[in-house]
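Trainee: Mind walking me through this one? I'd like to work from the chain contact inward.

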Amino acid sequence: MSLAQLAQVIRSKNAGPRTTTLDVIFANEADFQRVRTSSALAPPNVARLYDVLAQDVRVIEVPDCRAIKITFPRKLTAGDPGDRDVYGAQQHARLFEVQV
Amino acid sequence: MTQPATQRILQSFARGPRRPLRILGASGQLGYGIPTPAFEVGLAREPDLIGCDMGSIDPGPYYLGSGNLATAPGQTRRDLRKVMAGALRLRVPLVIGTAGSAGAKPHLDKTLALVRQIGREEGWHFRLGVLAGDVDPHIVREAVRAGTVTGIDGMPELTEDEVLASTHLVGQMGMDAFRRAFEAGVDIVIAGRACDTAIFSTLPAMLGFPLGLAVHMAKIIECASLCCLPGGRDTILATLGDESFELESMAPQRLATPLSVAAHSLYEQADPYSIVEPEGRADLREARYEAVDERRTRVSGARWVAAPERSVKLEGARIVGERAVLLAGAADPRFIAQHREILPAVAKVVRGLVCEEALEDYSLRWRVYGIDGVTDAQPGAPSPAEVFLLIECIAPTPARAEEVVRTFKQYLLHFGYAGRLSTGGNIAFPFTPPELTMGTAYRFNVYHIMHTPRFDELFPLTVEEL
């Protein structure tokens, strides 16, 4: 199953001008557990998708919100020449097809 | 002369019985419109303080660098008039942080000019506390020399040259600064660059409410009703006690549910369990969210951990050059298939022409929307039927940037590539001229934490009687 079929929210945003943060939020505990216990969003997989180093990827589980938060450094500081997404709000879509 | 609003609330707590504090988060981004119905409902609840955040680092380096506002003057004036009228009518403090989008002197001055003008037009009299957000570059250079400045999230080490290169250099003021304004006895506080939390957490801190709760509450209501389901810009009311706080949107359709409020701690935060402030941090690991009813949630459990030493988060932006762009589209599959060879080839031709009598003093880059304009190209993605080309040049002068993109336009239009069938022109212009001069381009060159022995000199307060 794809992450887009399992999650209620898949979003991205800057957490400060140097960091991208992705939130994946689930509508129910079963879906949250299913993804949490899989390796779908493990740092090496996220690193491959976003072309960053696995050691720079942080994955935080937030059980209260049935959410998985993924954070990694931006390649360019927000708004630097060559940046393509100043707010970082459109970096989420490649998570949609992650298979769980 | 009536008693200033901050004195009034401080004295009412000093003299009266202990009671919960009601704080209105009127707007998360003052200047983009404050919905009147929810704001009026909020006023009817007799809040003790009205707070608005007006800016952020999120919109990028242009606003801080240039000194311009991100919001339109008309809407900004309308929002300011609305919150000033509400606060002065109830005689409660109005606190506005990060004035004018980025909180440096020009932003603060432009906001103050509007505030004074509105006051004059309406015949209002009030005491205005102004907190400047700019940080003296001398103080920062001293800290750089002393080795007490640290880059945030891998930002390169700060040098004195970079400090001097910033067109504007601000620091996020915290509760210390706002406390000085409150103690001076004012009706309205307008602050330059400020922690969005301190707008709301300073008064509770002064009244002895638990700091962990106050900061957690502040972090949520600085975004108005964004923590609700559905999230929105409408005013929110927080009622703070000694054990917990309650959240209620002033728009009836927006529900503050335990899940929606808890999930807000994820938003734009790298660490959802920690809110870092100049004076310490709120630890949210023990936070609890319980429904009061369908529309209200009670939050408790945040713990305050004081920092051993206060620090300031610095933000600065510097000029990188003058920007011009070319806007064009293409619908030829052969052009689209070969664009990765065509665009650098055109750039080479352009360089040969515009550098005949000058150095290569510009940078040229493109974003091909439909392929990789927003993110890196997805492997195996199908070729789109059309693409949009945004060609960008940054050069020392506007004339030079324009020269480069105009030349690029003409040579891209007629560039002969292998297998070309369409000899009429390679690109489509939505209108002419398809080039735009964009003005000065900036980048963030300071995003650092500073420790300084001169902390108490930062963020000076001035008070004016209007």
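**Where the chains meet**

Mentor: Sure. This is a predicted model, and the contact between the chains takes 31 residues from chain B and 32 residues from chain A.

Trainee: On the side of chain B that touches chain A, which element gives the most?

Mentor: Start with the elements that give two or more residues there: α3 (61-66), α11 (258-264), β16 (363-369) and β18 (435-450) of chain B. With four residues, the one that gives the most is β18(B).

Trainee: And how many residues of that side are nonpolar?

Mentor: Split that side of chain B by class. You get seven polar and seven charged residues. The nonpolar count is 17.

Trainee: How many residues does domain 2 of chain B give to its contact with domain 1?

Mentor: Chain B is divided into domain 1 (5-133 + 173-311 + 451-465) and domain 2 (319-444). Their centres, taken over C-alpha atoms, are 44 Å apart. Domain 1 of chain B gives four residues to the contact, and domain 2 of chain B gives five.

Trainee: Now helix α4 of chain B: what span is expected at 1.5 Å a residue?

Mentor: α4(B) covers residues 73-90, which is 18 residues. From first C-alpha to last it reaches 26 Å, close to the expected 26 Å.

Trainee: Which residue follows α4(B)?

Mentor: Before leaving the helix, note its buried residues, among them B:L80, B:V83 and B:A87. The buried residues of α4(B) pack against elements of chain B including β1 (21-27) and α5 (105-122). Past the helix end comes a residue with a positive phi, near 60°: B:R91.

How values were computed:
Residues are numbered from 1 along each chain as its sequence is written. Chains are lettered from A and ligands numbered from 1 in the order in which they are written. This is a predicted model: local features need pLDDT of at least 70, side-chain atom pairs count only at pLDDT 80 or more; totals for chains, interfaces and linings use all residues. Two residues are in contact if their C-beta atoms, placed from the backbone, lie within 7 Å. Ala, Val, Leu, Ile, Met, Phe, Trp, Tyr, Cys and Pro count as nonpolar, Asp, Glu, Lys and Arg as charged, and the others, Gly among them, as polar. Domain bounds come from an automatic or database domain assignment. The expected span of a helix is 1.5 Å times one less than its number of residues. A residue is buried if 20 or more other C-beta atoms lie within 10 Å of its own, exposed if 12 or fewer, and partly exposed in between; C-beta atoms are placed from the backbone.
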